[in-house]
Amino acid sequence: MEKRSTRVLSLAGAIVILFIATVAVLLNVIPGPHKRLDYVVVGAVATFLSMALLWLVINQGWLNLEDPKE
């Protein structure tokens, strides 16, 4: 497997793990019974953190999507 493919797959895995962990933590922190708005807030925060991780990784140059042959 290419180095780039491995990095993309590991980044995707890290984002999924961060999303699931954020949802699990926030559902335990927010007191129940949960309403629809609680689930919307939890999903929004989890999505924000996941996209923030993606933005951070891309800005740091860790992913390196450019083709080195060009």
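Leu 37, Val 40, Val 41, Val 45, Phe 48 and Leu 49 together form a nonpolar patch on the surface of this predicted model, with about 550 Å² of accessible area. One member of the patch, Val 45, belongs to helix α2. Val 45 has a relative accessibility of 33% and therefore counts as partly exposed, because that class lies between the cut-offs of 20% for buried and 50% for exposed.

Helix α2 also has buried residues, namely Asp 38, Val 42, Ala 46, Ser 50 and Val 57. These buried residues pack against helix α1, which covers residues 3–29. The chain as a whole contains two helices and zero strands.

The length of α2 can be checked by a short calculation. The helix has 25 residues, from 36 to 60, and at 1.5 Å a residue it should span 36 Å; the C-alpha atoms at its ends are 36 Å apart, so the two values agree.

Two backbone features lie outside the helices' regular course. Most peptide bonds are trans, and most residues other than glycine have a negative phi. The bond from Gly 32 to Pro 33 is cis, and Pro 33 is located in the loop between α1 and α2. After α2 comes Gly 61, which has a positive phi.

| Backbone feature | Angle |
|---|---|
| Peptide bond Gly 32 to Pro 33 | omega near -5 degrees |
| Gly 61 | phi near 80 degrees |

Across the chain of 70 residues, 13% count as buried. Among contacts with a separation of 6 or more, 68% involve residues 24 or more positions apart. The chain exposes about 5,600 Å², of which carbon and sulfur atoms supply 69%.

Notes: Residues numbered from 1 in each chain as written. Predicted model: local features only at pLDDT ≥ 70, side-chain atom pairs only at ≥ 80, totals over all residues. Heavy atoms only, no water. Helix = DSSP H or I, 4+ residues; strand = E, 2+ residues; numbered from the N terminus. Expected span 1.5 Å × (residues − 1). Buried < 20%, exposed > 50% of the residue type's maximum accessible area, 1.4 Å probe, protein only. Contact = heavy atoms within 4.5 Å. Patch = residues over 30% accessible without salt bridge, like charges linked within 9 Å, V, L, I, M, F, W, Y side chains within 5 Å. Areas by Shrake-Rupley, 256 points an atom, 1.4 Å probe, with all protein chains shown as cover. Salt bridge = Lys/Arg side-chain N within 4 Å of Asp/Glu carboxyl O.
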